[in-house]
Each structure stands twice: as structure tokens, then as C-alpha cells.
Amino acid sequence: MSIFKKIITAIRGGASEAGEAIVDANATRIFAQEIRDAENHLTQAKRDLTNIMAKQMQAQRELDRVTRSITEHEGYATSALNQGNETLALEVAEKIATLEQEHSEQQDAFDRYQGNATRLKELVKNTERQLADHQRQLSMVKTTESVQKATAAITDNFNNSNSKLLNAKQSLERIKAKQQNFDDRLKASEQLADENSDQSLKNKLAQAGIGASQTSASSVLDRLKAKQG
């Protein structure tokens, strides 16, 4: 039984390590999703705050209405007393007592809405600050990841640079050899064409002193002297 428990513990430990590895591999994605979840909660909190503030305004209006009604009925009661009509004054006083009870209830409702609104406003403000900070942190994390990936790629290229540069040099040498071969073949073709042309033959005869000789100034002068002699 002890061995079985250890096996179970080992399995649980392996599962925990695998889970942590998954979390680490997706940490940025998880962080971004948590921020989005918090933003959704903040949006809902703002809706709730809006509703509470609306109810607070309604409670304030009711409170003002009851206050005005109490003041109005106090005036009625005073007028009844001035006329010596205590019965009417008592009836008005009963109305005032009811209004005062309603006023107390409305005051309690208003105070609760006001307190809740104040607390929610503070929570919303703090949450917005925290979210803004998390957004900045997320941007920095993503930038750092991009830089690290670029650095890793550069490092890999540097480690493999010898073989890659060698391959590039060999490719360049093959290109140059191919181009040189093309130039050599072109020159050979031009030489062959010259050798097969009449001009090539004339050049060869002229170099051998055979064929039509070109008239020079000295030969013309010699000919003229011979005629005079």
C-alpha cells in the first residue's frame, strides 16, 4: 500500500510539473486573457455603479419630495391651530408623522445608495489603475519576448554561420565559373569567325609581305627622283 501511495504521489507530481510547464509555455497568453477578464468585470462593475447612482438620484428626489410635503403640512397644522381647530390640526399632525416615517426610510435608502456608490467608485478607480499598469506590463513582456526570439534567431544564425557562409561562397564561385566559361566561349567563337573571314586572310598576307603593297610617302619621293635622273 505504501508503494502504491508513492506511485500515486509520483503521478500527481508529474501531472503538476506538466501543468506548470504548460502554464509557463503560455504565460503571456494567460496573462493577456486574465487582463481581458478583468476588463469585462470592470465593465460590469461600471454598469452596476450606473444603476446604483441612478437609484441614489431617485431616492434623493423622493427625499426632497417628502421634505417639501412635511414642510407644507406643518404649515397646514399651524394654520389649523391658529384657527383653534385642534381636531384638524391633529389629523394633519398624523399625516406629518407618516411623512416623517417615510422621510426616515427614504433617508436610509439614500444613505445606502450613496455609500455603495462611493465604494464602487473607489473600486472602479483602483481597478482602472491596476489594469493600466498590467497593460503596460503586458506590452513590455511581449516586447521582451520579441527581442528574445530575435536574439535567439541571430544566435542560431551565428552558430551556423560557418557552414552557411561556406555554402554561400561555393555558390558564388560556381556562378563566377559559369560566367567565365560563357565569356571564354564567346571569345573563342569570335576568334573562329575572324579566322574564317577574308579579312583574316588579308591580314595574314600583309604580315607576310604578299599581295598589294601600300603606297608610302618615301616610295613616291624615290620614284620622282628616279624620273629626274
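Okay, let's start at a turn: just after α2, G84 takes a positive phi of about 75 degrees. Keep that glycine in view while I go through the rest. One caution before I do: this is a predicted model.

So, the overall picture. The protein has six helices and zero strands, and reading from the N terminus the order is simply α-α-α-α-α-α. How confident is the prediction? The average pLDDT for the protein is 79, and 72% of the residues score at least 70. Confidence is lowest in helix α1, residues 2-25, with a mean of 56, and highest in α2, with a mean of 90. Please don't lean on α1 in the discussion, then; I'll stay with α2 and α3.

Now α2 itself. It's a helix of 56 residues, and from first C-alpha to last it reaches 81 Å, close to the 82 Å expected at 1.5 Å a residue. In numbering, α2 covers residues 27-82, and α3 covers residues 86-159.

What about burial? Out of 229 residues in the protein, 13% are buried. The accessible surface comes to about 18500 Å², and carbon and sulfur atoms account for 54% of that. As for contacts between residues at least 6 apart in sequence, 81% of them join residues at least 24 apart.

Which residues make up the largest nonpolar core? There are 10 in all: A32, I35, L42, L49, I52, A117, L120, V124, L131 and L138. Both α2 and α3 supply at least two residues each to this core. There's also a second, separate core of six residues, and that one includes V66, I70, V92 and I96. As background, nonpolar side chains tend to be buried together in soluble globular proteins.

Let's zoom in on A117, from the larger core. Setting aside residues up to four places away in sequence, A117 touches L49, I52, M53 and Q56. Q56 is a good one to follow, because at 17% relative accessible area it falls under the 20% cut-off and counts as buried. Q56 sits in α2, and beyond its neighbours within four places, its contacts are F110, Y113, Q114 and A117.

Y113 is next, over in α3. Is Y113 buried or partly exposed? Partly exposed, with a relative accessible area of 26%. Y113 is in contact with I52, K55, Q56 and A59, again leaving out neighbours within four places. And here's a nice pair: Y113 and M53 are 60 residues apart in sequence, yet 7.0 Å apart in space, C-alpha to C-alpha.

Further along α2 we get to H73. H73 counts as buried because its relative accessibility is 15%, under the 20% cut-off. What does the H73 side chain do? One of its polar atoms lies 2.9 Å from the backbone oxygen of S69. Beyond residues up to four places away, H73 touches V92, K95, I96 and L99. You'll recognise V92 and I96 from the second core.

Last stop, T144, in α3. The T144 side chain reaches the backbone oxygen of M140 at 2.8 Å. T144 is partly exposed, with a relative accessible area of 41%, whereas H73, the other residue with a side chain to a backbone oxygen that I showed, is buried.

That's my tour. If you'd like to go back to anything on screen, I'd start with H73 or Y113. Thanks, and over to you.

Definitions and conventions. Residues are numbered from 1 along each chain as its sequence is written. This is a predicted model: local features need pLDDT of at least 70, side-chain atom pairs count only at pLDDT 80 or more; totals for chains, interfaces and linings use all residues. Side-chain values use heavy atoms; hydrogens and water are left out. Helices (H or I, at least four residues) and strands (E, at least two) are DSSP runs, numbered from the N terminus. Buried means under 20% relative accessible area, exposed over 50%, partly exposed in between (1.4 Å probe, protein chains only). Contact means heavy atoms within 4.5 Å. A polar contact is a pair of N or O atoms within 3.5 Å; within protein, one must be able to donate a hydrogen and the other to accept it, and residues adjacent in sequence count only if both atoms are side-chain atoms. Accessible areas come from the Shrake-Rupley method with a 1.4 Å probe; for residues, only the protein chains shown count as cover. A nonpolar core is a set of buried Ala, Val, Leu, Ile, Met, Phe, Trp, Tyr and Cys residues joined through side-chain atoms within 4.5 Å. pLDDT is the predictor's confidence in each residue, from 0 to 100. The expected span of a helix is 1.5 Å times one less than its number of residues.
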